[in-house]
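Please open the model in a viewer and follow the stops below in order. Each stop names a selection and then describes what is found there.

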Amino acid sequence: MENQLSPEQRIVITGVGLTAPNGNNLKDFRKSLLEGKSGVQKFETRYMGEVPAGVCDFDELKYQKRKVLRRGTRAGSVSIYCAQEAVQDAGWDMDAMDRSRIGVYIGVTEHGNVETENEVHNISQYDYDVKYWSHHHNPRTVANNPAGEVTLNMKITGPHYTIGAACAAGNMGVIQGLQMLRLGEVDQALAGGISESIHTFGIFASFNSEGALARHEDPTKASRPFDKDRNGIVCSEGGCIYTLERLPDAEKRGAKIYGEIVGYAINSDAHDFILPEPVRQAECIRLALKKAGLEAGDMDILNTHSTATKLGDIQECTAIRSVFAGEKDVWINNTKSFIGHTMGAAGTLELAGNLPAFEDNWVHPTINLDKLDPDCALDNIVANEPKKLEVVNYIMNNSFGMFGINSVLIVKRFQG
Amino acid sequence: MTGKDVREAIISILVDIAPDEDVSSINDQDNLRDQIDLDSMDFLDIVMELRKRFNIEVPEKDYGQLATMASCVTYLEPLLKDRQLAG
């Protein structure tokens, strides 16, 4: 029996703003996911040459002037685009709102690497003389930069910060927004996750050194979770920010409601710097179900975290098997197969790609799944072609990250 | 560089650091910050670009010399007299 909350404690998603390598709004993103359109392409990165990567092509000047764009960061720009699009989608009348009661909570895998690498490269052109180091470096690299740029751009005077949680960060941004709304700290939240990671060579180089960087002559086939021939992660940029509101506030203004966040959980593996631990992942999934008052079999779609590393995919499948064994009506998919790993954006963006299922009842597939790895064999992986269900009532979204940070969200079809 | 070249060099820097502004109508006698949107960080950008493009170091005590286009040219012309305008 689903847990009953007071109306004020019920938090709903009322707007979605996103940029993904295969779509710059939810409609286009969803279309790409249902049509099997990858967003991964060849990308030139410093020192390493061509790598497959998910690259976004949103209009940076839609909400920013050129000067501010030049001064800020790619992460800030992604965040501003997503936040502005979310507000527009939600139909918030910002001029009529108390901007001191809006919170901005943005998950990031990391921040500052891009800007630091750029500055080191810059001074290398001047014999490493630090007098050529930019005065913009500090504001560009403070950890709150992406969220701070949103507040400057949108004149929001409520709290803002980023949530650093490796690749679990997108879900964590949403959870933070939900918690702050429940606590009454804010009245509206802009919450989600973003990534500018492809602009740092270091992330590619480090995955390469770990033997975990995807390579494929056809970049659209490079991200292949659960496939026997998978060979690593496709790094991607992207962002997704939701407008979150308390249910009575959303209903009062007649808002479109994408879904209600009915369950969430965060835990830690306490096991290893990078290797995931399926026992703790399973605990996190069970905890989210318990908080929601739901059973595993209540889920209709399970959107996996798997990044197409050899071990990581097997570990998540082990966790899923331990919780969902025997459940024949839970359908499993993976969004990274289309867009690569959007790092801090992954949780929110991948969940967003599934939210329209509440309306169209389609489960988007996992593409590039040509030869299922027996170690990843799960019942009901939706492979290569979308699957139509009778109805989608619950979506679970997994997002896990380095240092064993695990996060799970459960979103319910909204029934007024 | 002549005074005209110096002015052109300053305009080129302003185009880069204030790309949304119309620099074609700058009045040389009036304060630059009264005519185009420049804040203290932009001002530091001007100093940085002078360093990068011309290897000129503008000490902090001289920042006031860069207030107007005319004072920029007066201040920079002797420092740039032996340089050629790039391109």
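A disulfide is a pair of cysteine sulfur atoms within 2.5 Å. The model on display is predicted, and over all its chains the structure holds zero disulfides.

**First stop: two cysteines**

Select A:Cys82 and A:Cys240. Why is there no bond at A:Cys82? The closest cysteine sulfur, in A:Cys240, is 6.5 Å from the sulfur of A:Cys82, which is too far for a bond. A:Cys82 is buried, with a relative accessible area of 0%, and A:Cys240 is likewise buried at 0% relative accessibility.

**Second stop: a helix of chain B**

Select residues 3-17 of chain B, which form helix 1. The 15 residues of this helix should span 21 Å at 1.5 Å a residue, and the end C-alpha atoms are indeed 21 Å apart. Which residues of helix 1 of chain B are buried? They are B:Gly3, B:Val6, B:Ala9, B:Ile10, B:Ile11, B:Ile13, B:Leu14 and B:Ile17. Now display what covers them: this includes helix 2 (66-71) of chain A, together with helix 2 (32-35), helix 3 (40-54) and helix 4 (69-80) of chain B.

**Third stop: aromatic pairs**

A search of the whole structure finds seven aromatic pairs over all chains. One of them joins A:Tyr47 and A:Phe201 in an edge-to-face arrangement, 4.7 Å centre to centre with 85° between the planes. A:Tyr47 lies in the loop between strand 2 (40-45) and strand 3 (49-54) of chain A, and A:Phe201 in helix 8 (residues 201-209) of chain A, so the pair ties together parts 154 residues apart in sequence. A:Tyr47 is exposed at 62% relative accessibility, whereas A:Phe201 is partly exposed at 23%.

Next, select A:Phe273 and A:Phe403, a tilted pair with 4.8 Å centre to centre and 45° between the planes. A:Phe273 is in the loop between strand 9 (259-268) and helix 10 (278-292) of chain A, and A:Phe403 in the loop between strand 14 (394-401) and strand 15 (405-412) of chain A; the pair therefore ties together parts 130 residues apart in sequence. Both A:Phe273 and A:Phe403 are exposed.

Then select A:Phe58, A:Tyr63 and A:Tyr81, which form one aromatic cluster.

**Fourth stop: lysines over rings**

Select A:Lys387 and A:Trp331: the charged end of A:Lys387 sits over the ring of A:Trp331, 4.5 Å from its centre. A:Lys256 lies over the face of A:Tyr258, at 4.7 Å from the ring centre.

**Last stop: a buried glutamine**

Finish at A:Gln176, in helix 7 (residues 169-183) of chain A. A:Gln176 counts as buried at 17% relative accessibility. Leaving aside residues up to four places away in sequence, A:Gln176 touches A:Tyr105, A:Tyr161 and A:Ile163.

Technical notes
Residues numbered from 1 in each chain as written. Chains lettered and ligands numbered in written order. Predicted model: local features only at pLDDT ≥ 70, side-chain atom pairs only at ≥ 80, totals over all residues. Heavy atoms only, no water. Helix = DSSP H or I, 4+ residues; strand = E, 2+ residues; numbered from the N terminus. Buried < 20%, exposed > 50% of the residue type's maximum accessible area, 1.4 Å probe, protein only. Contact = heavy atoms within 4.5 Å. Expected span 1.5 Å × (residues − 1). Phe/Tyr/Trp six-rings, centres within 6.5 Å; stacked < 30°, edge-to-face > 60°. Lys NZ or Arg CZ within 6 Å of the ring centre and 35° of its normal.
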